[in-house]
Amino acid sequence: MGTHWIDEGCINCGACAEVCPVDAISEQGDVHVIDKEVCTDCGSCDSVCPVDVIKWD
């Protein structure tokens with residue numbers, strides 16, 4: 001489960017983490033990452049990323 005991921009262009013704004021209903025997104029260093037074990041692929045984070053770096057496999 002979990003096919004969303006954040007590309008290296010993340011600007012660490014945190015918009016994605018704020019809208020994640022299962023708290024699968026966290027800050028790690030200078031970027032945010034998606035925990036694929038927790039992510040339910042709901043897509044909530046996709047539309048809020050201002051630099052469009054949330055990808056779907």
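This report describes the overall fold of a protein and then two of its loop residues.

The model is a predicted one, and the protein in it has 1 helix and 4 strands, which follow the pattern β-α-β-β-β when read along the sequence. Along its principal axes, the C-alpha trace spans about 25 × 20 × 20 Å. The radius of gyration of the protein is 10 Å, which agrees with the value near 10 Å that a compact globule of 57 residues would have.

Of the 57 residues, 30% are buried, and the protein exposes about 3,500 Å², of which carbon and sulfur atoms supply 48%. Among the contacts with a separation of 6 or more, 56% are accounted for by residues that lie 24 or more positions apart in the sequence.

Two residues deserve a separate look for their backbone angles. Most residues other than glycine have a negative phi. N12, however, has a positive phi, near 60 degrees, and D52 likewise has a positive phi, near 50 degrees. The table places each residue in its loop and gives its accessibility.

| Residue | Phi | Loop | Relative accessibility |
|---|---|---|---|
| N12 | near 60 degrees | between β1 (4–6) and α1 (15–19) | 23% |
| D52 | near 50 degrees | between β3 (31–34) and β4 (54–56) | 51% |

Because its relative accessibility is 23%, N12 counts as partly exposed, whereas D52, with a relative accessible area of 51%, is exposed, since the cut-off for that class is over 50%.

Note on methods:
Residues numbered from 1 in each chain as written. Predicted model: local features only at pLDDT ≥ 70, side-chain atom pairs only at ≥ 80, totals over all residues. Heavy atoms only, no water. Helix = DSSP H or I, 4+ residues; strand = E, 2+ residues; numbered from the N terminus. Rg over C-alpha atoms; globule rule 2.2 N^0.38 Å. Buried < 20%, exposed > 50% of the residue type's maximum accessible area, 1.4 Å probe, protein only. Contact = heavy atoms within 4.5 Å. Areas by Shrake-Rupley, 256 points an atom, 1.4 Å probe, with all protein chains shown as cover.
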